[in-house]
Structures are given as C-alpha cells and as structure tokens.
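Q: Could you take a close look at the aromatic rings in this one? I'd like to see how they pair up, and then a bit of what sits elsewhere in the fold.

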Amino acid sequence: MTEQLPWWQREAFYEVYPRSFQDSDGDGVGDLPGLLRRLDYLADLGVGALWITPFFPSPQRDFGYDVADYCGVDPTMGSLADFDRLVQEAHRHGLRVVLDLVANHTSSDHPWFVDSRRSRASLRRDWYVWRDPAPDGGPPNNWLSFFGGPAWTLDAATGQYYLHQFLPEQPDLNYRNPAVLAAMEEVVRFWLDRGADGFRVDAAWLLVEDEKFRDEPPNPTWRPGMRERDRLVHLHTEDQPETHAVLRRLRAVVEEYRDRQPVLLGEVYLPFHRLVGYYGSSEEPECHFPFNFALVDLPPEEWTAQALGSLVASYEAALPPWAWPSWVLGNHDRPRVASRLGEERSRLAHLLLLTLRGTPTLYYGDELGLPDGVVSPDRVRDTAGFREWGGRWSRDAARTPMPWDPGPQAGFTTGEPWLPLNPDFPRRNVQLQQQDSRSFLQLVRRLLHLRRSLPALVSGSWRLREAPPGVLAYHREGEDETFLVALNFRAQPARLELAAEVLLSTFLDREGWERSLELRGHEGLLARLRA
Ligand code: GLC
C-alpha cells in the first residue's frame with residue numbers, strides 16, 4: 001500500500017539553506033560542493049528529499065531570493081557542473097532534489113528588469129508592475145511591503161512607480177502578461193531537464209495583485225509589535241483568483257515530466273480554509289501540497305494538548321479528501337523551534353511532526369535541537385532584520401552555520417563563517433550527537449527510520465483519542481497495525497490505562513511492552529497497540 005504512494009508522500013523533506021550548510025572553499029559561505037560532501041549524513045539521517053533554497057546568480061540583497069539569472073548557479077555556490085554532480089549523487093543516495101522557484105519577483109539586477117526600467121517603451125516594460133504616481137506625486141496606492149515601507153518605489157527617470165511586495169531590489173513580476181508566465185515555465189523545464197525533482201514556489205500566495213489597484217483597508221486588530229505591513233488587511237495583494245491560474249499552469253508544466261513524479265510545493269501563509277485552495281481541485285491541480293505553517297505560527301504558550309488537538313483536527317477537516325497534508329516546525333524565516341519551545345518540548349514537537357499524517361519538512365540544524373544563534377546588531381546581514389526590527393532581531397538567528405564537529409569553525413568552513421557560529425557548538429554538534437545514544441539527533445533519526453519501516457505512520461488514518469488532561473494522544477491506524485502517539489505537555493506525570501509496546505520515548509531510554517503507559521513530565525511515546 002505504502003509502496004504505491006508517490007515518493008513525496010512517503011519521504012520526509014529536509015530544507016537546506018546552502019549558505020550555512022557546508023563550505024568547501026574557505027570563503028565562509030556554504031556551497032553546492034559542500035552540500036555534496038554531506039549527502040552521506042543526510043541519507044543516514046533518513047530524509048528522502050532536499051529542498052535547497054536559492055543558489056542562483058544573485059546580488060544577495062535577500063540571500064538568493066533576489067534572482068538575477070534563473071538558469072545559473074551563483075559563483076559563491078559553485079557552478080552548473082556542481083549542480084549536475086549534486087543531483088546525480090543525491091539520486092544515488094536515494095535523495096530527491098527540490099529547488100526554490102522565486103516566481104513572484106526578480107532581482108532589480110535581472111536583465112528583464114534592467115530592460116523594463118530603461119524606458120516606458122521598453123519591450124519588457126510590462127513584465128513588471130508599473131503605475132503612474134498618485135495625483136500628489138506619492139505612491140499609486142497604500143500597499144505596504146513585507147520588509148517595511150511602501151510596496152512602491154519611484155523610478156525617477158521614467159516617472160512611474162514599480163511594485164515590490166518585498167525589498168525595492170525585488171520588483172514584482174507581472175503575471176497578467178502571458179510572456180512572463182511563459183518565461184517562468186521555461187525556467188521550470190530547464191531544471192527538470194537537468195534532473196531536479198520539483199519546486200517549492202516562493203511567495204506562492206502573492207503572485208498576482210488586484211487588477212484595479214484598490215487601497216487595502218486598515219486592520220483593526222493590528223497592535224504595536226506586529227509587522228508594519230499588517231496594519232492593512234490584505235484583500236488586494238494576497239490570494240487573488242488569478243494567482244491560482246498561474247499555479248495551475250506551473251503544475252501543468254511539472255506534469256509534462258510525470259513519469260518522474262516531480263513535485264510542486266507552495267509557500268502559503270494563510271488560514272486553513274484558504275490554504276486548502278492551493279491544492280487546486282482534482283481536475284485542475286495546483287500544488288501537490290502547500291506548506292502548512294500552523295505549528296510555526298502557534299505561539300509557544302499555546303503548545304498545549306488541547307490547542308494542538310484541535311489544530312490538527314481542524315486542518316484534517318479542512319483538507320479535501322484527496323489532498324495530502326504537510327507539517328513544518330521551522331524554516332529560514334522564523335525563530336527556530338528549539339528557541340521557541342525549549343529542548344524538551346522541542347523533542348515532543350519532533351515526535352508530532354514525524355507521526356502526524358502527511359509529509360514532514362525538517363529545517364537544517366533542528367535535528368540537533370539547535371537554538372537561534374546570537375547575532376549582534378553589528379553582524380546582522382539580513383536586510384529585513386534592519387528594515388523591520390532595526391537589527392534587534394533578524395532572520396540571521398535561524399541561519400547560523402551548521403555545527404558539524406567540535407573542531408575549528410565547527411567543521412563548517414576553514415575560513416571566517418559569514419554568520420557567527422552558535423556559541424554552544426563545542427557541545428552541540430553532529431559528531432557528538434552521533435556518539436550519544438540519547439541525543440536530539442538520535443531521536444530524529446530513530447523517528448525517521450521508524451516512519452520508513454511502519455507503513456501506518458505514512459498511509460494510516462489519524463484519529464484523536466481520549467487522554468488525561470495535558471496529554472495529546474492519537475492513533476495511526478494502518479491495514480494490519482495501530483500505533484498510539486501520546487505526548488505529555490505538562491511537567492507532571494500522567495497515565496494511560498492501556499497495554500502497548502513502547503517503540504520510542506522522546507527521552508530514548510525505554511522500549512518494550514507495558515501494561516499501562518506511564519508518561520513522565522514532558523515525555524512523548526510512540527507505541528504499538530495490541531492487535
Ligand atoms: C519567502 C522566503 C523569504 C524571502 C521572501 C522573498 O518568504 O522564504 O526568505 O525573503 O520570500 O523572496
């Protein structure tokens with residue numbers, strides 16, 4: 001049964017932020033040949049697919065999310081030949097390779113935009129979103145950018161504003177022009193022809209904006225401390241019907257390669273009832289799955305058995321019957337899960353991630369229980385960190401180098417790392433955790449391997465079950481076997497009156513049949529129920 005499922009349903013994904021994973025040439029920035037050296041580690045860990053964030057030529061204003069050439073490799077990351085070798089070797093290791101398709105915008109250095117801004121008569125003028133100033137000379141409407149300030153920048157030479165949902169150096173493409181979509185389709189074919197196994201569409205819910213450019217209304221729930229952009233309700237800049245048409249087209253291109261089962265995933269930050277729209281329909285599919293960020297968005301104080309039970313149940317209820325779920329604990333844009341929840345609860349979170357129904361995506365370093373790094377304001381490199389938080393917090397904290405061993409520079413580079421290493425790297429690193437049978441890494445590795453060996457954890461049904469207060473418990477029921485997952489979110493012990501074979505505790509110190517399950521404070525168990 002499970003063997004018949006496509007690979008992207010069976011396997012766990014692992015997000016690699018290549019700048020921070022492994023450097024091979026001593027410039028302090030990770031690269032594709034470095035990643036290649038770590039494929040053994042990833043295969044042994046038990047993940048089945050890598051999603052690699054952008055490594056294309058870029059001025060690095062947003063570390064690759066500002067693409068200047070969609071069909072190349074940035075020299076700091078290697079070459080196209082390195083990419084080809086990486087794909088070949090990854091496949092030999094049983095790992096698929098999923099790329100980041102930064103479809104919403106390009107770099108302002110991209111030749112398309114250079115041409116577009118040259119003159120109002122440029123061939124590619126209409127590849128981007130240009131508007132005349134408002135009567136007072138200001139921006140055409142009140143839309144705000146993600147990284148602070150208006151979503152419009154005036155190009156003085158041609159007297160018009162261009163739209164950018166992110167930095168001014170990231171102008172938005174205009175998907176109302178069919179030539180733009182055709183160009184992006186060619187990008188998809190280029191990488192699929194080279195052996196890529198699919199794409200994660202960046203900012204997938206933002207691809208098209210309101211045709212009438214209407215102002216967005218103020219958000220009455222906005223409070224200081226919230227993102228500046230969320231002063232507005234995003235009625236006209238998010239989740240527009242035309243966005244779905246673009247995703248349907250991209251999916252159709254991916255389907256041209258269907259014998260290899262490439263995947264189209266979407267970055268979509270929306271509530272469940274709108275998120276599920278990004279699957280499309282069974283006749284007109286869009287994403288194989290949009291990422292579900294509910295566990296990333298859940299505030300640490302709301303990680304209770306009750307809140308999590310209803311969160312999972314409402315997601316399951318929102319999904320169309322044929323749609324495949326997705327779960328995520330962290331990514332390169334958000335504080336790390338170990339910092340949000342602390343180590344014990346973060347162990348529970350990984351048990352949850354790897355036993356819920358659907359495809360789990362791990363973020364590099366989270367398998368070590370790696371907390372956010374300490375990046376002092378003078379070392380912040382993330383432009384958004386400056387623009388939004390004045391350098392007090394930045395996404396750099398979640399992007400510090402992977403600690404491989406206790407040696408110099410944690411084995412990440414022979415040079416000066418582009419971001420500081422986490423200060424605890426001599427104690428928290430891959431090498432030491434590989435030797436410690438109860439480490440965070442061993443927990444994640446055991447879970448990934450159990451997930452592969454127990455079909456019910458992949459294809460079985462999911463059902464909440466009664467449990468004492470503070471305990472989240474659910475069944476995964478397969479054709480022959482039923483498993484129980486029980487997570488104690490309280491510090492006090494709790495008991496479940498049932499006999500089961502414990503396969504794993506989040507503390508990695510017990511296994512075997514038990515007549516009734518006693519959970520210690522903050523312990524999670526995976527157990528097989530008596531048939
Ligand atoms: C996505 C990426 C983020 C990037 C933004 C603009 O949200 O995950 O890192 O800054 O898009 O491309």
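A: Here's a walk through the aromatic pairs, followed by two charge-over-ring spots, a helix pair and a proline. Keep in mind that this is a predicted model.

Let's start with the rings. The structure holds 36 aromatic pairs. Take Phe 146 and Trp 205: their ring centres are 6.1 Å apart with the planes at 75 degrees, and since anything over 60 counts as edge-to-face, that's what this pair is. Phe 146 comes from the loop between strand 4 (130-131) and strand 5 (152-155), while Trp 205 comes from the loop between strand 7 (198-201) and helix 7 (241-255), so the pair ties together parts 59 residues apart in sequence. Both Phe 146 and Trp 205 are buried.

Now for Tyr 269 and Phe 293. Their ring centres sit 4.0 Å apart and the planes are at 15 degrees, so this pair is stacked. Tyr 269 is in the loop between strand 8 (263-266) and helix 8 (272-275), and Phe 293 is in the loop between strand 9 (289-290) and helix 9 (294-297), so parts 24 residues apart in sequence get tied together. Phe 293 is buried, with a relative accessible area of 7%.

These two pairs belong to a bigger picture: ring pairs link Phe 146, Trp 205, Tyr 269 and Phe 293 into a cluster that also includes Trp 7, Trp 8, Phe 13, Trp 51, Phe 147, Phe 166, Phe 289 and Phe 291.

Rings also meet charges here. Arg 124 has its charged end over the ring of Trp 127, 4.7 Å from the ring centre. Likewise, the charged end of Arg 231 sits over the ring of Trp 222, 3.9 Å from its centre.

On to the helices. Helix 12 (residues 343-355) packs with helix 15 (residues 440-453) at an angle of about 15 degrees, and their axes are 10 Å apart. The two are therefore roughly parallel to each other, and their crossing is right-handed. On the helix 12 side, the contact residues include Glu 343, Arg 347, His 350 and Leu 351; among those from helix 15 are Phe 440, Leu 443, Leu 447 and Arg 451.

Last, the proline. Pro 401 is in the loop between helix 13 (383-389) and helix 14 (430-435), and it is buried, with a relative accessible area of 1%. Leaving out residues up to four places away in sequence, Pro 401 touches Ser 20, Phe 412, Pro 417, Leu 419, Pro 420 and Leu 421. Asp 436 lies 35 residues from Pro 401 along the chain, and their C-alpha atoms are separated by 21 Å.

Note on methods:
Residues are numbered from 1 along each chain as its sequence is written. This is a predicted model: local features need pLDDT of at least 70, side-chain atom pairs count only at pLDDT 80 or more; totals for chains, interfaces and linings use all residues. Side-chain values use heavy atoms; hydrogens and water are left out. Helices (H or I, at least four residues) and strands (E, at least two) are DSSP runs, numbered from the N terminus. Buried means under 20% relative accessible area, exposed over 50%, partly exposed in between (1.4 Å probe, protein chains only). Contact means heavy atoms within 4.5 Å. Rings of Phe, Tyr and Trp (its six-membered ring) pair if their centres lie within 6.5 Å; planes under 30 degrees apart count as stacked, over 60 as edge-to-face and the rest as tilted. A charge sits over a ring if NZ of Lys or CZ of Arg is within 6 Å of the ring centre and within 35 degrees of the ring normal. Axes are lines fitted to C-alpha atoms, for helices over the stretch in contact, and angles run from 0 to 180 degrees between N-to-C directions. Angles under 35 degrees count as roughly parallel, over 145 as roughly antiparallel, 65 to 115 as roughly perpendicular and the rest as oblique. A crossing is left-handed if the near helix is turned anticlockwise from the far one by less than a right angle, and right-handed if clockwise.
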